[in-house]
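Student: I would like a close look at one part of this model, namely the second chain, followed by how its surroundings are put together. Could you take me through it carefully, in one connected account?

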Amino acid sequence: MSNKKKFSISDWLNERLRLDKLPFFRTPDYMYNAATWLGALVAAAFFWQAITGLILLMYYDAGNAYNSTISIINDVPYGSVLLFSHLYGAFAMILLVYTHMFYNYFRGAYKRPRELIWILGIILLLLTLGTAFYGYSAIGDVLAVSALDVGSGILSGIGLGSLVPVAFGDYAAGNFSRIIGLHVALAALIFLFFALHFFLAEQQGMMPPRSVRPKAPAIYAEEEEKNFNPWWPRNFVYMLSLIFMTWGWILIISNSLAYLSHYPVYLDPFLNPRPAPSPTSPAAATITAYPPWFFLFFFKMADFISSFPALVAVGAIPLIWLLITPFIDRSDELHPLKRKVFTGVGILMITYMIQLTIWGAIAPAKPATPEEITLVFLPPAIIVAVALPFIKPKEDIRAQNRGLGGNMQFTYLAMASIFLLSAVLMFPSPTLLGIVTSLVLLTGIAAYSDKVFPTMKAAGTSAEKATTINVSLERKKKLAEVIIAILFAMSVIIAFNMWTVPPKGFYSNLFGIDLGLIFLMLGTAISLYHYVVYKK
Amino acid sequence: MKEYKKIRILGTSDLYFVYKLLKVMRNPKTKFDGKEFAKKGEDYLFNYVDKNLGGVDESRRNFLKGLVFGVAAATVIGIIPGLRVLVPPVQSVTGFPKTILLTASGTPLKASQIPVNSPITMVFEYPLSGEPNFLINLGDASGKPVEIPPTTVTIPQTGKTYQFPGGVGPNKSIVAYSAVCQHLGCTPPYIHFYPPQYTTPSQVTAAEPNELSAAALIAARSAHIPAVIHCDCHGSTYDPYHGASVLTGPTVRPLPAVILEWDSSNDYLYALGAVGVATYPEGSNGVPSQDPREDLDESQFGSPVGTSSKISEINTFGSS
């Protein structure tokens, strides 16, 4: 090149940090989509938790848990922005962990040679839920204390009462040191296991789509991987865009909810970012205790499984199933419709969990009759058992390669979820919910498991691609450039607005919404830049 | 993948590509280097095409990069005011609030119902939470309330003096002092009021926190007062009848007094401010400020008590 000596930050960093030599997976062009990067979304949420959590730790007082929580909301500058986004960051992380897990469950990603990555993932799920439990309890409100009471009750109920002081400390006397200590310790463990999980995944490489590797072991040959994109700079750019978009949504949702009111009471566990009253206040007596939404399913199960050992045993079944799946599903098939038992169990796990969660929210702590239990659990099982054997996988890959957009799968699931949510709002019935959920999942898997990545054909060398200049792509890139310029202008306006938001009081959450918007814009701008520069 | 590739005849897009390629090759900025090509062959050609045609040309890419860095810079500028999240909120009040004293159940405290010479220590927080003060209805040895006249109090450490305003209430016998010992900051139950029935030689052998040193007893006798405030941590003794002035060391400062107001129409009591040294001495030399308002902007991380403060009772002497 004639302009070889021109200074470039990217080259400067690369020369010093050897970024292109990082021992990371080289990524093929068709893997730059959110579904392949679900793990990165989980990590992004986790990083947000680490940042906000460490700041919150400076203000939290374990000897004065409730008052210091309230003081963070009312007295610390932008404290409510911090606390609410930490809460909803945890919610986002839990949802993303489940999405990441089930996506890979249905794809058979746990098969050889990724069994250990899968098991590390299940450990990470448990650590995430444990950290979330302690974080929720650290608030010190009446709900936190009741959650801790239930936790102690379960431990005592299965004969481990002597572990109560070890696990929860003297919270009843107002000492939350152990709660916050274990919250931070478990979060540190998440980081440790995440590092292992991540590096193992990078070493094996991301799992190729079935059209590239239809059978396990689904890995790329070394020569093949050489043709793919190195981590620096493309993956770095793409990763940044995902991180900022995740942070943006966490901030926007949590801080908008601070201004939401007038919704049905049973949505309180999902939509209310504020703590409940103090356990010592007179208002505490009027509160019906409920657990955080991610444990509502377990809470509802306690309504019809009265003995604690039985409850824990039933709760452990799906967990054991997930842990042993790689060792019992030993065929080399990856197609979900060629592993129907595992697909069916997966659909039922999701359906039952959603059902029990919503049921726990609309009828908390109400005993269920055997008829009700049957009506809730039987229809999804029948639907799956009857329909699944009749859905045939489509063998011919070429026949399937019709122009479905890359994000159709997500659009479908998003629309189905919105439909589900509105159905639940109108007719809050766990039976109906079970039927609809299982049907949505079944049709989703039947219709889209055969989908081929549209860019799959473009696996040749870069020169082959360069010989066609796609005119409509050029037009899209021009549009993307215009949008980046608009985003820049808007981000400047928002940045100035952020200087005018008061740090405390009712309006302070506008800062969180602004910050979320500006993160979202930054993420979108980076994503569009990635599109313009790399899309072929 | 090769098997799926369609065979194509030259189309318009190919012609357009050739046109663009030639233009780029002639452009001096992105001139095609024939020597490099001869040396590296195919690789050079593919890289060249990819860099100048397949992707986005350098200047366009840099312009976009600039825009993205612009959004990033806007983000950083927007975050700057948010860094205030790292500044701990200093709880301060701009002035002393007028605070009504309430009983433990939350109803206003009636001055005439405060027991005289009570062995049960009554404490209220003022002006910030975590800053306890004694509330005492003083009486003589026989338990009759005594009028506490205004006095001039001397600070032994500095030799300076200040005016203690005296007692309030129906008998002008009610006083309030900081319950944080000026020696090393002990708080109740270690520091408390010893009513006349406990300011006796039998307390010299009593267990902590009710022990009374012989020196304290002798000082009380020589000052002709029937009761004292005594700190069991290190034996500091204060004279509640004369503005909590120092009776015995090791303290070198009297307890600051809370200025009370009695509303005779409804018998309510209000705290208005403080007089004497600051509750928390400033600086490493321990020299007190003469201005109690120094406490208000001192960061003790309590929150302002506001317009009402509840009395809590500490029973050090037990039921006996």
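Tutor: Chain B has an accessible surface of about 15800 Å², and 57% of that area belongs to carbon and sulfur atoms. This is a predicted model, so every value here is computed from predicted coordinates. Of the 320 residues of chain B, 44% count as buried, and the secondary structure of the chain comes to 6 helices and 13 strands. When contacts between residues at least 6 apart in the sequence of chain B are considered, 60% of them join residues at least 24 apart.

A single residue makes a useful entry point into this chain. B:Val175 sits in strand S6 of chain B, which spans residues 174–178, and B:Val175 counts as buried because its relative accessibility is 2%, where buried means under 20%. Leaving out residues up to four places away in sequence, B:Val175 touches B:Phe134, B:Leu135, B:Ile136, B:Leu138 and B:Ile148, and also B:Phe164, B:Gly167, B:Pro240 and B:Leu260. B:Ser222 gives a reference point of another kind, since 47 residues along the chain separate it from B:Val175 and the two C-alpha atoms are 22 Å apart.

From the interior we can turn to the surface, where the two chains appear together. A nonpolar surface patch is formed by A:Met58 and A:Trp499 with B:Val76, B:Ile77, B:Ile80, B:Leu83 and B:Leu86, and together these residues have about 680 Å² of accessible area. One of them, B:Ile77, belongs to helix H4 of chain B, residues 58–79, and B:Ile77 is classed as partly exposed because its relative accessibility is 38%.

Helix H4 of chain B also takes part in a salt bridge with the other chain. The side chains of A:Glu474 and B:Arg60 meet there, with an N to O distance of 3.9 Å. Because A:Glu474 lies in helix H20 of chain A (residues 471–498) and B:Arg60 in helix H4 of chain B, this pair joins two chains. B:Arg60 itself counts as buried, because its relative accessibility is 16%.

That pair belongs to a wider set, for the structure holds 10 salt bridges over all chains. In another of these pairs, A:Arg234 bridges to A:Asp29, and the closest N and O atoms are 2.9 Å apart. The partners come from distant parts of the chain, 205 residues apart: A:Arg234 is in helix H10 of chain A, whereas A:Asp29 is in the loop between helix H1 (9–17) and helix H2 (38–57) of chain A. A:Arg234 is buried, with a relative accessible area of 5%, while A:Asp29 is partly exposed, with a relative accessible area of 26%.

A:Arg213 and A:Glu224 form a further salt bridge, whose closest N and O atoms are 2.6 Å apart. A:Arg213 lies in the loop between helix H8 (177–204) and helix H9 (222–226) of chain A and A:Glu224 in helix H9 of chain A, so the pair ties together parts that are 11 residues apart in sequence. A:Glu224 is partly exposed, with a relative accessible area of 26%. Elsewhere in chain A, a network of salt bridges links A:Lys111, A:Asp329 and A:Arg339.

Helix H10 of chain A, residues 231–257, also holds A:Ser241, which is buried because its relative accessibility is 1%. A polar atom of the A:Ser241 side chain lies 2.8 Å from the backbone oxygen of A:Tyr238, and, beyond residues up to four places away in sequence, A:Ser241 touches A:Gly523, A:Ile526 and A:Ser527.

The nonpolar interior completes the picture. The largest nonpolar core has 114 residues, of which A:Met101, A:Phe102, A:Tyr105, A:Phe168, A:Phe176 and A:Phe294 touch the most other members. Helix H4 of chain A (residues 79–106) gives the largest share of this core, 15 residues. A:Phe176, with neighbours within four places in sequence left aside, is in contact with residues including A:Tyr60, A:Ala62, A:Ala65, A:Leu148 and A:Tyr171. A second, separate core has 35 residues, and this brings us back to chain B, since B:Ala179, B:Val228, B:Ala244 and B:Val275 are among them.

Definitions and conventions. Residues are numbered from 1 along each chain as its sequence is written. Chains are lettered from A and ligands numbered from 1 in the order in which they are written. This is a predicted model: local features need pLDDT of at least 70, side-chain atom pairs count only at pLDDT 80 or more; totals for chains, interfaces and linings use all residues. Side-chain values use heavy atoms; hydrogens and water are left out. Helices (H or I, at least four residues) and strands (E, at least two) are DSSP runs, numbered from the N terminus. Buried means under 20% relative accessible area, exposed over 50%, partly exposed in between (1.4 Å probe, protein chains only). Contact means heavy atoms within 4.5 Å. A polar contact is a pair of N or O atoms within 3.5 Å; within protein, one must be able to donate a hydrogen and the other to accept it, and residues adjacent in sequence count only if both atoms are side-chain atoms. Patches are made of residues with over 30% relative accessible area and no salt bridge: like charges are joined within 9 Å, nonpolar side chains (Val, Leu, Ile, Met, Phe, Trp, Tyr) within 5 Å. Accessible areas come from the Shrake-Rupley method with a 1.4 Å probe; for residues, only the protein chains shown count as cover. A salt bridge is a side-chain nitrogen of Lys or Arg within 4 Å of a carboxyl oxygen of Asp or Glu. A nonpolar core is a set of buried Ala, Val, Leu, Ile, Met, Phe, Trp, Tyr and Cys residues joined through side-chain atoms within 4.5 Å.
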